[in-house]
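Take this walk through the fold one stop at a time. Keep the viewer open and follow the residue numbers as they come.

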Amino acid sequence: HGSQEQKKELLLIIREIEEKYAHPIAVLGDLQGPKLRVGEFSKPEGEYLEQGQIFRLDLDEAKGDKKRVQLPHPEILEASEIGHVLLVDDGKVKLTVVGKGEGYLDCRVDVEGKISNRK
């Protein structure tokens, strides 16, 4: 976290220390991946997914429920393979793809939690 200006200042300090001690220091940055959002649920508060249950992500625009929700990103459905891991709501819910068909992924819930609109 922090602004670009703060990161720049920190990097300059690191480089000064690196020069002072004539020793290289590696800098690693954690970059955010793409934010992909699911559709909406029938219940405004969303649904709680339980560990081990099968949950479907699909292209159907109907509101989601305990068993399925829209994932309006056909490119993700197409690129995903059985065994791939999908993290939902900043990694709070972990899904593993266990089945795939035209326009959908069936996923096993490996880390349970609440999933809600646009998460």
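Start in the loop between strand 4 (85-88) and strand 5, where Asp90 lies. This is a predicted model, so every value here is computed from predicted coordinates. Phi of Asp90 is near 55°, a positive value in a residue that is not glycine. Most residues other than glycine have a negative phi. Is Asp90 buried or exposed? Asp90 is exposed, because its relative accessible area is 61%, and the cut-off for exposed is over 50%.

A second residue belongs beside Asp90. Ala22 is also not a glycine, and its phi is positive, near 50°. Find Ala22 in the loop between helix 1 and strand 1 (47-49). Its relative accessible area is 70%, so Ala22 counts as exposed.

Now step back to the whole chain. How many helices and strands does the protein chain have? There are two helices and seven strands. Read from the N terminus, the order is α-β-β-β-α-β-β-β-β. The C-alpha trace spans about 60 × 30 × 25 Å along its principal axes. The radius of gyration is 20 Å, whereas a compact globule of 119 residues would have a value near 14 Å. Buried residues account for 29% of the 119 residues. The accessible surface comes to about 8400 Å², and carbon and sulfur atoms hold 53% of that area. Take contacts between residues at least 6 apart in sequence: 46% of them join residues at least 24 apart. Charges come next. The chain carries 19 positive and 23 negative charges, and the mean positions of the two sets are 3 Å apart.

Helix 1 gives a long view across the model. It covers residues 4-21, and Ile17 lies within it. Ile17 is partly exposed, because its relative accessibility is 40%, and that class lies between the 20% and 50% cut-offs. Measure from Ile17 to Thr96. These two residues are 79 apart along the chain, and their C-alpha atoms are separated by 44 Å.

Turn to the strands. Strand 5 (residues 93-101) pairs with strand 6 in the antiparallel sense, over seven bridges. At one of the pairings, Gly101 stands opposite Tyr104 in strand 6. Two residues sit between the strands of this hairpin, and there Gly103 takes a positive phi near 80°. In a regular strand the side chains alternate between the two faces of the sheet.

Strand 6 has another partner. Strand 6 (residues 104-111) is joined to strand 2 (residues 54-58) by five bridges, and the two run antiparallel. Here Arg56 has Asp106 in strand 6 as its bridge partner. Strand 2 in turn pairs with strand 3 (residues 68-70), this time in the parallel sense, over three bridges. Which residue of strand 3 is the bridge partner of Asp58? The partner is Gln70.

Stay with Asp58 in strand 2. Asp58 has a relative accessible area of 8%, so this residue is buried; the cut-off for buried is under 20%. What does Asp58 touch, once residues up to four places away in sequence are set aside? The contacts are Arg68, Val69, Gln70, Leu71, Leu77, Gly103 and Tyr104. Several of these names have already come up. Gln70 is the bridge partner of Asp58 in strand 3. Gly103 is the residue with positive phi in the hairpin of strand 5 and strand 6. Tyr104 is the residue opposite Gly101.

The last stop is His73. Look for His73 in the loop between strand 3 and helix 2 (74-79). Is His73 buried or exposed? His73 counts as buried, because its relative accessibility is 16%. Beyond its neighbours within four places in sequence, His73 is in contact with Leu36, Arg37 and Leu59. One distance completes the view. His73 and Arg108 are 35 residues apart along the chain, with 19 Å between their C-alpha atoms.

Set the three loop residues side by side to finish. Ala22, between helix 1 and strand 1, is exposed at 70%. Asp90, between strand 4 and strand 5, is exposed at 61%. His73, between strand 3 and helix 2, is buried at 16%.

Terms used: Residues are numbered from 1 along each chain as its sequence is written. Side-chain values use heavy atoms; hydrogens and water are left out. Two strands pair if DSSP finds at least two bridges between them. Helices (H or I, at least four residues) and strands (E, at least two) are DSSP runs, numbered from the N terminus. Buried means under 20% relative accessible area, exposed over 50%, partly exposed in between (1.4 Å probe, protein chains only). The radius of gyration is taken over C-alpha atoms; the globule rule is 2.2 Å times the number of residues to the power 0.38. Contact means heavy atoms within 4.5 Å. Accessible areas come from the Shrake-Rupley method with a 1.4 Å probe; for residues, only the protein chains shown count as cover. Lys and Arg count as positive and Asp and Glu as negative; His and the chain ends are not counted. The place of a charge is taken as NZ of Lys, CZ of Arg, CG of Asp or CD of Glu.
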